[in-house]
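Q: I am new to this structure and would like to learn how to read its features one by one. Where do we begin?

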Amino acid sequence: ATAARERPVFLEYLESERLLEASSLLAVDIGWHGSMQAGLTRLLRQQGYTGCISGHYLGLYERARTTGINERDAEGYLFDFGFPEDRERLVRAGVAIIETMMSAPFGSLQGLRRRTEGERHGILPDGSGRRREVLSASSGFEALTTAEDPDSFRIRTLTAMQKAALT
């Protein structure tokens with residue numbers, strides 16, 4: 001139900017950016033399974049898009065093949081479809097840290113909403129204006145904080161780590 005409601009808004013966005021006119025599209029994501037690229041490919045093919053849709057990722061697990069992507073249309077930087085295995089193991093051991101460094105301090109986008117003609121807005125988690133940060137690691141460490149104060153130490157620290165990772 002949610003996908004059916006948001007699909008037209010998302011397609012309007014793609015059309016407004018003239019992406020459906022491009023001969024090829026490149027999805028760039030942190031990676032792991034390639035599901036974002038696979039979903040985008042399915043949606044665009046349903047709309048008649050015939051161009052090339054490829055993806056570049058920090059890493060792709062071997063299991064990414066099960067989503068329908070392959071070596072012709074996707075590539076991982078640190079490891080590619082599980083190889084080299086030692087790099088994949090290293091990332092898996094600290095995937096929560098990498099995800100935290102690369103994520104927005106207010107959480108993942110939950111969807112799109114049209115407010116006025118030509119104006120679309122992202123829907124953020126829980127709609128209350130509160131921001132939640134979750135840190136977890138494979139060792140079992142887990143901390144959950146609710147950050148209503150944007151100057152909190154954890155938010156500042158994560159933001160600094162994210163900026164450093166991207167520079």
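A: We begin with a term: two residues are in contact when they have heavy atoms within 4.5 Å of each other. Keep in mind that the model is a predicted one.

Q: With that term in hand, what is Gly82 in contact with, leaving aside its neighbours within four places in sequence?
A: Gly82 is in contact with Leu60, Tyr61, Glu62 and Glu88. The residue itself lies in the loop between E3 and H3.

Q: Is Gly82 buried or exposed?
A: The general idea is a cut-off: a residue is called buried under 20% relative accessible area and exposed over 50%. Gly82 counts as buried because its relative accessibility is 3%.

Q: How many residues apart along the chain are Gly82 and Ala64, and what separates their C-alpha atoms?
A: They are 18 residues apart along the chain, and 8.8 Å separates the two C-alpha atoms.

Q: What should I know about backbone angles and peptide bonds before looking at this loop?
A: Most residues other than glycine have a negative phi, and most peptide bonds are trans. The loop between E3 and H3 holds Phe81, and it holds Pro84. Phe81 has a positive phi, near 50 degrees, and is not a glycine. The peptide bond from Phe83 to Pro84 is cis, with omega near -5 degrees.

Q: Is Phe81 buried or exposed?
A: Phe81 is buried, because its relative accessible area is 1%.

Q: Where does Arg18 lie, and what is its phi?
A: Arg18 is found in the loop between H1 and E1. Its phi is positive, about 60 degrees, although Arg18 is not a glycine. Unlike Phe81, which is buried, Arg18 counts as exposed, because its relative accessibility is 56%.

Q: Which residues does Leu20 touch, not counting those up to four places away in sequence?
A: Leu20 touches Leu14, Glu15, Leu44 and Tyr49. Leu20 also has its place in the loop between H1 and E1. With 26% relative accessibility, Leu20 counts as partly exposed. From C-alpha to C-alpha, Leu20 and Leu44 are 8.1 Å apart in space, while in sequence they are 24 residues apart.

Q: How do I read a sheet, and in what order do the strands of this one come?
A: Strands of a sheet pair through backbone hydrogen bonds, either parallel or antiparallel. Here three strands form an open sheet in the order E1-E2-E3, with parallel pairing. Strand E1 (24-32) and strand E3 (74-79) are the edge strands, each pairing on one side only. On average, neighbouring strands of the sheet are turned by 15 degrees against each other, direction ignored.

Q: How many bridges join E2 to E3?
A: Strand E2 (residues 52-60) is joined to E3 by four bridges, and the two run parallel. As for a single residue, His56 has Glu75 in E3 as its bridge partner.

Q: Which strands does helix H2 touch as it packs on the sheet?
A: Helix H2 (residues 35-46) touches E1, E2 and E3, and its direction makes about 170 degrees with that of E2. Helix H3 (residues 85-93) packs on the sheet as well, touching E1 and E3, and its direction makes about 80 degrees with that of E3.

Q: What is the volume of the largest pocket, and which residues are closest to its centre?
A: The volume is about 670 Å³. Of the 22 residues that line the pocket, Phe10, Met36, Leu40, Leu43 and Leu112 are the closest to its centre.

Q: Which elements each supply at least two residues of that lining?
A: They are helix H1 (2-16), E1, H2 and strand E4 (111-116). H1 gives the largest share, seven residues. By type, the lining of the largest pocket has 15 nonpolar, five polar and two charged residues.

Q: How many helices and strands does the protein chain have?
A: The chain has five helices and seven strands. From the N terminus on, the elements run α-β-α-β-β-α-α-β-β-β-β-α.

Q: What share of the residues in the protein chain is buried?
A: Of the 167 residues, 28% are buried. Among the contacts with a separation of 6 or more, 49% are between residues 24 or more positions apart.

Terms used:
Residues are numbered from 1 along each chain as its sequence is written. This is a predicted model: local features need pLDDT of at least 70, side-chain atom pairs count only at pLDDT 80 or more; totals for chains, interfaces and linings use all residues. Side-chain values use heavy atoms; hydrogens and water are left out. Two strands pair if DSSP finds at least two bridges between them. Axes are lines fitted to C-alpha atoms, for helices over the stretch in contact, and angles run from 0 to 180 degrees between N-to-C directions. Buried means under 20% relative accessible area, exposed over 50%, partly exposed in between (1.4 Å probe, protein chains only). On a 1 Å grid over the protein atoms alone, a cavity is a set of points where a 1.4 Å probe fits but cannot get out, and a pocket is an open set with protein on both sides within 12 Å along at least five of seven lines; lining residues have an atom within 4 Å of a point. Grid points are joined across faces, edges and corners, and a volume is the space filled by probe spheres set on the points. Ala, Val, Leu, Ile, Met, Phe, Trp, Tyr, Cys and Pro count as nonpolar, Asp, Glu, Lys and Arg as charged, and the others, Gly among them, as polar.
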